[in-house]
Amino acid sequence: MNNFEKATLKAVEILKNDFHILPDAAWVIALSEYTNKKNVIKKSCPKSTFIDLCYNGYIKDLSYSINKELTKNGRMVIETITKLQKLNWTISNKKKFWEETFGKNYENQLEILFILKEYNLLNIR
């Protein structure tokens, strides 16, 4: 399990145990447990993926009344959920799938999505 996957699970745990912490802060707290590299902690693609999934009801048992607009990453990840459902969540290469689907560099967005799915934390609509 990579640091982003570990941080995703830890951030969900933090949010479920303390409703006063927002997803942005939970992500930084969680990822800081697995790395002290500032550039990794600030890396926006995994962070925005996690935050967008939180604020838009895609993580089980978490809901927020804050109306946050999706980032570009968030829109792509939510679109990916539909595509992966059609593929029965089976892809051979995450990087290739992402780059072929969106024509964008892959930055660990799918790690967040797949770890939530694996641990039954993804609220699929």
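Guide: Before we begin, one term: two residues are in contact when they have heavy atoms within 4.5 Å, and please keep in mind that what you see above is a predicted model.

Visitor: Okay, which helices help to cover the buried residues of α1?

Guide: The cover over the buried residues of α1 includes α2 (23–32), α3 (38–42), α4 (44–55), α6 (94–102) and α7.

Visitor: And which residues of α1 are the buried ones?

Guide: The buried residues of α1 are Phe4, Glu5, Ala7, Thr8, Leu9, Ala11, Val12, Ile14 and Leu15, where buried means under 20% relative accessible area.

Visitor: How far apart are the end C-alpha atoms of α1?

Guide: They are 21 Å apart, and this agrees with what we should expect, because the 15 residues of α1 (residues 3–17), at 1.5 Å a residue, should span 21 Å.

Visitor: Back to the cover. At what angle do α1 and α7 cross?

Guide: Their axes cross at roughly 55° and come within 9 Å, which means that α1 is oblique to α7. The crossing of these two helices, α1 and α7, is right-handed.

Visitor: Which residues make that contact between α1 and α7?

Guide: On the α1 side there are Phe4, Glu5, Thr8, Leu9 and Val12, and on the α7 side Glu111, Ile112, Ile115 and Leu116. Sorted by character, the residues of the contact of α1 with α7 are six nonpolar, one polar and two charged.

Visitor: How many charged residues are in the contact of α4 with α7?

Guide: There are no charged ones in the contact of α4 with α7, which divides into seven nonpolar and two polar residues. As for the geometry, α4 and α7 pack at about 40° with their axes 7 Å apart, and they are therefore oblique to each other. Cys45, Pro46, Thr49, Phe50 and Leu53 of α4 make the contact with Gln109, Ile112, Leu113 and Leu116 of α7.

Visitor: And α5, how far is its axis from the axis of α7?

Guide: The axes of α5 (residues 72–86) and α7 (residues 109–118) are 11 Å apart, and the helices pack at an angle of about 50°, so α5 and α7 are oblique to each other. This crossing of α5 and α7 is right-handed. Asn73, Val77, Thr80, Ile81 and Leu84 from α5 meet Gln109, Leu110, Leu113 and Phe114 from α7, and the residues of this contact are six nonpolar, three polar and no charged.

Visitor: New topic: the loops. What is the phi of aspartate 61?

Guide: Aspartate 61 has a positive phi of about 65°, although it is not a glycine. That deserves a second look, because most residues other than glycine have a negative phi. Aspartate 61 lies in the loop between α4 and α5.

Visitor: Is aspartate 61 buried or exposed?

Guide: Aspartate 61 is exposed, because its relative accessible area is 67% and the cut-off for exposed is over 50%.

Visitor: What about asparagine 88, where is that?

Guide: Asparagine 88 sits in the loop between α5 and α6, and its phi is also a positive value, near 55°, in a residue other than glycine. Asparagine 88 has a relative accessible area of 62%, so it counts as exposed.

Visitor: Last one: which residues does asparagine 123 touch?

Guide: Leaving out residues up to four places away in sequence, asparagine 123 touches Gly57, Tyr58, Ile59 and Lys60. Asparagine 123 belongs to the segment after α7, and at 30% relative accessibility it counts as partly exposed.

How values were computed
Residues numbered from 1 in each chain as written. Predicted model: local features only at pLDDT ≥ 70, side-chain atom pairs only at ≥ 80, totals over all residues. Heavy atoms only, no water. Axes fitted to C-alpha atoms, helices over the stretch in contact; angles between N-to-C directions. Helix = DSSP H or I, 4+ residues; strand = E, 2+ residues; numbered from the N terminus. Parallel < 35°, antiparallel > 145°, perpendicular 65-115°, else oblique. Left-handed = near helix turned anticlockwise from the far one by under 90°. Nonpolar A, V, L, I, M, F, W, Y, C, P; charged D, E, K, R; others polar. Expected span 1.5 Å × (residues − 1). Buried < 20%, exposed > 50% of the residue type's maximum accessible area, 1.4 Å probe, protein only.
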